[in-house]
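Work through the exercises below with the model open in your viewer. Try each task before you read its solution.

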Amino acid sequence: MQLPFIAIRGNLGKDAELNYTPQGKAVCKFSVPSKTGSKDKPVVTWWTVTLWEKYGETMAPLLTKGKGVIVFGTPSVRAWEANGKKGMSPEITCKQLVLIGERQTASKQEQEPEQGQEPEQEKLPGSDVPF
């Protein structure tokens with residue numbers, strides 16, 4: 001039987017939480033949004049991502065609010081009920097995680113180089129080719 005597989009990219013909504021089951025297994029959870037729909041009417045879905053055991057313990061300190069990630073894993077839906085309301089929450093059991101950097105804020109983007117310094121220019125592959 002083939003299990004479904006999903007990949008999403010986004011920035012963490014808050015710092016990851018690391019907890020332990022009664023049996024002592026580490027469980028790291030964090031949330032990541034994905035956008036679908038059109039530019040005029042975007043639909044944002046918040047996914048709860050779970051990392052288990054040593055992988056969760058290792059990654060938890062690196063997973064802070066605003067950190068960009070690509071999550072690969074198995075999707076599921078958890079039904080819940082609270083205060084008489086019912087709902088469903090999308091979840092991903094993470095199999096692989098790629099850290100891709102921080103979200104750029106206006107203050108980071110507007111920073112100018114110090115006086116006397118040249119702005120850093122990204123060197124592109126093949127930019128040393130003379131033609």
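The exercises that follow concern a predicted model.

**Exercise 1. Overall fold**

Task: State how many helices and strands the protein has, and give their order along the sequence.

Solution.
- Step 1. Count the elements. There are two helices and six strands.
- Step 2. Read them in sequence order. The pattern is β-β-β-β-α-β-β-α.
- Step 3. Add the surface figures. The protein has 131 residues, and 27% of them count as buried. The exposed area is about 10200 Å², with carbon and sulfur atoms supplying 51% of it.
- Step 4. Look at contact range. Take the contacts with a separation of 6 or more: 57% of them are between residues 24 or more positions apart.

**Exercise 2. Two hairpins**

Task: Describe how β3 pairs with β2 and with β4.

Solution.
- Step 1. Start with β2, residues 17–20, and β3, residues 26–37. The two strands run antiparallel, joined by four bridges.
- Step 2. Find a partner pair. Tyr20 has Ala26 in β3 as its bridge partner.
- Step 3. Inspect the turn. Five residues lie between β2 and β3 in this hairpin. Gly24 sits in the turn, and its phi is positive, about 95°.
- Step 4. Move to β4, residues 42–52. Eleven bridges connect β4 with β3, again in an antiparallel arrangement.
- Step 5. Find a pair here too. Val49 in β4 stands opposite Phe30.
- Step 6. Close the second hairpin. Four residues separate β3 from β4.

**Exercise 3. The cysteine pair**

Task: Decide why Cys28 forms no bond with the closest cysteine sulfur.

Solution.
- Step 1. Search the whole structure for disulfides. The result is zero.
- Step 2. Check the distance. The closest cysteine sulfur to that of Cys28 belongs to Cys94, 9.1 Å away, which is too far for a bond.
- Step 3. Compare with the cut-off. A disulfide needs the two sulfur atoms within 2.5 Å.
- Step 4. Reverse the view. For Cys94, the nearest cysteine sulfur is that of Cys28, and Cys94 is in no disulfide.
- Step 5. Check burial. Cys28 is buried, at 0% relative accessible area. Cys94 is buried as well, at 7%.

**Exercise 4. Salt bridges**

Task: Find how many salt bridges the model has, and locate each pair.

Solution.
- Step 1. Recall the principle. Side chains of opposite charge can pair when their charged atoms come close.
- Step 2. Apply the cut-off of 4 Å between side-chain nitrogen and carboxyl oxygen. The count is three.
- Step 3. Take Lys14 and Glu17. Their side chains meet at 3.5 Å, N to O. Lys14 is partly exposed at 45%, and Glu17 is partly exposed at 41%.
- Step 4. Take Lys25 and Glu53. Their closest N and O atoms are 3.9 Å apart. This pair links distant parts of the chain, 28 residues apart. Lys25 is in the loop between β2 and β3, while Glu53 is in helix α1, residues 53–59. Both ends are partly exposed: Lys25 at 42%, Glu53 at 41%.
- Step 5. Take Arg78 and Glu91. The N to O distance is 2.8 Å. Arg78 lies in β5, residues 67–82, and Glu91 in β6, so the salt bridge ties together parts 13 residues apart in sequence.
- Step 6. Assign burial in this pair. Arg78 is partly exposed at 38%. Glu91 has 13% relative accessible area, so Glu91 counts as buried.

**Exercise 5. Met88**

Task: Is Met88 buried or exposed, and which residues does Met88 touch beyond four places in sequence?

Solution.
- Step 1. Place the residue. Met88 lies in strand β6, residues 85–102.
- Step 2. Apply the threshold. Exposed means over 50% relative accessible area. Met88 has 63%, so Met88 counts as exposed.
- Step 3. List the contacts. Leaving out residues up to four places away, Met88 touches Val77, Arg78, Ala79 and Trp80.
- Step 4. Check one of them in space. The C-alpha atoms of Met88 and Val77 are 6.3 Å apart, and the two residues are eleven apart in sequence.
- Step 5. Tie this to Exercise 4. Arg78, touched by Met88, also forms the salt bridge with Glu91.

Note on methods. Residues are numbered from 1 along each chain as its sequence is written. This is a predicted model: local features need pLDDT of at least 70, side-chain atom pairs count only at pLDDT 80 or more; totals for chains, interfaces and linings use all residues. Side-chain values use heavy atoms; hydrogens and water are left out. Buried means under 20% relative accessible area, exposed over 50%, partly exposed in between (1.4 Å probe, protein chains only). Contact means heavy atoms within 4.5 Å. Two strands pair if DSSP finds at least two bridges between them. Accessible areas come from the Shrake-Rupley method with a 1.4 Å probe; for residues, only the protein chains shown count as cover.
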